[in-house]
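Here is a friendly walk through one structure, meant to be read with the model open beside you. We will go from the ligands to the cores and then to a few single residues.

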Amino acid sequence: MSRRRALITGITGQDGSYLTELLLSRGYEVHGIVRRSSVVSRSRIDELRLGLGGEKQSRLHLHYGDLSDQASLCKLIERARPDEVYNLAAQSHVRISFDVPEFTFDVTGLGAFRLLECVRRTAPEARFYQAGSSEMFGHGAPAPQNEQTPFHPRSPYAIAKVFAHHTAVHYREAYGMFVVNGILFNHESPRRGENFVTRKIAMAAARIAAGLEREVVLGNLEAKRDWGYAPEYVQAMWLMLQQPEPDDFVIATGEAHSVREFLDLAFKLVGLDYQRYMRHEAGFERPTEVDYLCGDASKAKRVLGWEPKVRFAQLVQLMVDHEVTRIKSPAAALNRVP
Ligand code: NAP
Ligand code: GDD
């Protein structure tokens, strides 16, 4: 049997890096789309590209492309002929989407359409994963949120994701393509982008405890999120594409905790009281906040056999531990980011 081929957009991001590891370990040939930037930012996949060497490395191929450039996407799909396409690329920061709404609509929303249309034209048999978000539920959604909960998006990012979600359903229904939407709640890891709140807090706790910083500046502490562990969530993405029929799934832990709880625990883990080091700044708040997200992943458990293992306290611990190790031994931590 020939080797399965996957194409991943957003391969340099948190989820893209974990998914690449998963697919390589399952014997896939992986093609990733990277965009041009003035500084090459591939730290999350460098170990895979450079460290492993040998057979796995030879199955990973990076190509320049961009979700705003349809010709580049079509060329890559023609070249890679993927069996599975994972659309993870996005301008994924909710607050920043208020600063760059048009760019966010273009990349996060229209980008999904561009990719789906290329797949329809050149590889219609390929299975397609669209990275949906719990942000789509937005304001006032009854909790816990499941696949039937209506959307009420509260940011340009969430609006773009709702557009991508409906476009994905449309391609499934109109053209009979194997397209799935994963509606993933927040998932974190030591590879999380530094301006998302969990990583920002974990880094600040470790750096303040080591005397390298004096304070952490944050926005709204009362919002509640359902935080899971990213490596487990990419397993769910893969499982969705292995089913006999395409369908949409919520992926979540079913527990909600506030930003304040995350902050309190992270600082306690390094022996500090966060109240002595936290400063509020309105600039980190959003014009419209999503107050409460908590997911019901019972369909994923029933159909995919997927269940979260890492829970809130363990997640905070592993993120803080990583930052403490990184300060003590930067090289060791960089070479092995869990
Ligand atoms: P992330 O770390 O921010 O990664 C985003 C990826 O998209 C990066 O590889 C980035 O490339 C790439 N990208 C951005 N603009 C692009 C463009 N115009 N063309 C091509 N690539 C582009 O995001 P993540 O946390 O891994 O999340 C993965 C996906 O899941 C995203 O779509 C996100 O919206 C969605 N999601 C995430 C969560 C979560 O909690 N993490 C929850 C629900 C849904 P650069 O490295 O060059 O910036
Ligand atoms: N980023 C950030 N920075 N958030 C802060 C800060 C701060 O300084 N202070 C408080 N917060 C609050 C935000 O207002 C929000 O309520 C919560 O912390 C989480 O913010 P983020 O970590 O930025 O994540 P998010 O929930 O907005 O979005 C993430 O999860 C979505 C899934 O629900 C992103 O990964 C999205 O791409 C993803 O779709």
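## Ligand 1 and its polar contacts

Please keep in mind that this is a predicted model. A good place to begin is Asp66: an N or O atom in its side chain sits 2.8 Å from a nitrogen atom of ligand 1. The backbone takes part as well. A polar backbone atom of Leu67 is 3.0 Å from a nitrogen atom of ligand 1, and a polar backbone atom of Asp15 is 2.8 Å from an oxygen atom of that ligand. On its own, ligand 1 would expose 900 Å², and the protein buries 89% of that area.

Who else is around? The shell holds 24 residues, and those that come nearest are Thr12, Asp15, Asp66, Ser92 and Tyr157. By type, the shell of ligand 1 splits into nine nonpolar, 10 polar and five charged residues. Helix 1 (14-25), strand 5 (127-133) and helix 7 (156-175) each bring at least two residues to it. Strand 5 gives the most, with three residues.

## Ligand 2 and its surroundings

Ligand 2 also has 24 residues around it, and Ser133, Ser134, Tyr157, Arg286 and Glu289 come nearest. If you have met Tyr157 already, that is no slip: Tyr157 is also listed among the residues nearest to ligand 1. The side chain of Ser133 has an N or O atom 2.5 Å from an oxygen atom of ligand 2. Two backbone partners are worth displaying too. A polar backbone atom of Ser92 lies 2.7 Å from an oxygen atom of ligand 2, while a backbone N or O atom of Asn195 is 3.0 Å from a nitrogen atom of the ligand.

How much of ligand 2 does the protein cover? Of the 710 Å² of accessible area that ligand 2 has on its own, 96% is covered by the protein. Helix 8 (197-209) and strand 8 (216-218) each supply at least two residues of this shell. Its make-up is 10 nonpolar, eight polar and six charged residues.

## Two nonpolar cores

In soluble globular proteins, nonpolar side chains tend to be buried together. Here the largest nonpolar core has 36 residues, and the members touching the most others are Leu19, Leu23, Tyr86, Tyr129, Met240, Ile251 and Trp306. Helix 9 (residues 230-240) makes the biggest contribution to this core, with eight residues.

Leu19 is a handy one to select. Beyond residues up to four places away in sequence, Leu19 touches Ile8, Tyr86, Leu88, Val234 and Met237. There is also a second, separate core of 26 residues, which includes Ala202, Leu218, Val259 and Tyr277.

## Buried polar and charged residues

Thr253 lies in the loop between strand 11 (249-251) and strand 12 (257-258). Is Thr253 buried or exposed? Thr253 counts as buried because its relative accessibility is 11%, under the 20% cut-off. The side chains of Thr253 and Asp226 are joined by a polar contact of 2.6 Å. Besides Asp226, the residues that Thr253 touches include Trp227, Gly228, Tyr233, Pro308 and Arg311, leaving out those up to four places away in sequence.

Ser155 is another loop residue, between strand 5 and helix 7. Its relative accessibility is 2%, so Ser155 counts as buried. Leaving out residues up to four places away in sequence, Ser155 touches Val94, Ser97, Phe98 and Glu135. Glu117, by contrast, sits in helix 6 (residues 101-122). With a relative accessible area of 9%, Glu117 is buried. Setting aside neighbours within four places in sequence, Glu117 is in contact with Gln70 and Tyr171.

## Backbone details to check

Two backbone features deserve a look. The peptide bond from Ala143 to Pro144 is cis, with omega near -5°. Pro144 belongs to the loop between strand 5 and helix 7, where Ser155 is found too.

The other feature is at Arg81, in the loop between helix 4 (70-80) and strand 4 (84-87). Phi of Arg81 is near 45°, a positive value in a residue other than glycine. Arg81 is partly exposed, with a relative accessible area of 43%.

Notes
Residues numbered from 1 in each chain as written. Chains lettered and ligands numbered in written order. Predicted model: local features only at pLDDT ≥ 70, side-chain atom pairs only at ≥ 80, totals over all residues. Heavy atoms only, no water. Core = buried A, V, L, I, M, F, W, Y, C linked by side-chain atoms within 4.5 Å. Buried < 20%, exposed > 50% of the residue type's maximum accessible area, 1.4 Å probe, protein only. Helix = DSSP H or I, 4+ residues; strand = E, 2+ residues; numbered from the N terminus. Contact = heavy atoms within 4.5 Å. Near = heavy atom within 4 Å. Polar contact = N/O pair within 3.5 Å; in protein donor to acceptor, adjacent residues only side chain to side chain. Areas by Shrake-Rupley, 256 points an atom, 1.4 Å probe, with all protein chains shown as cover. Nonpolar A, V, L, I, M, F, W, Y, C, P; charged D, E, K, R; others polar.
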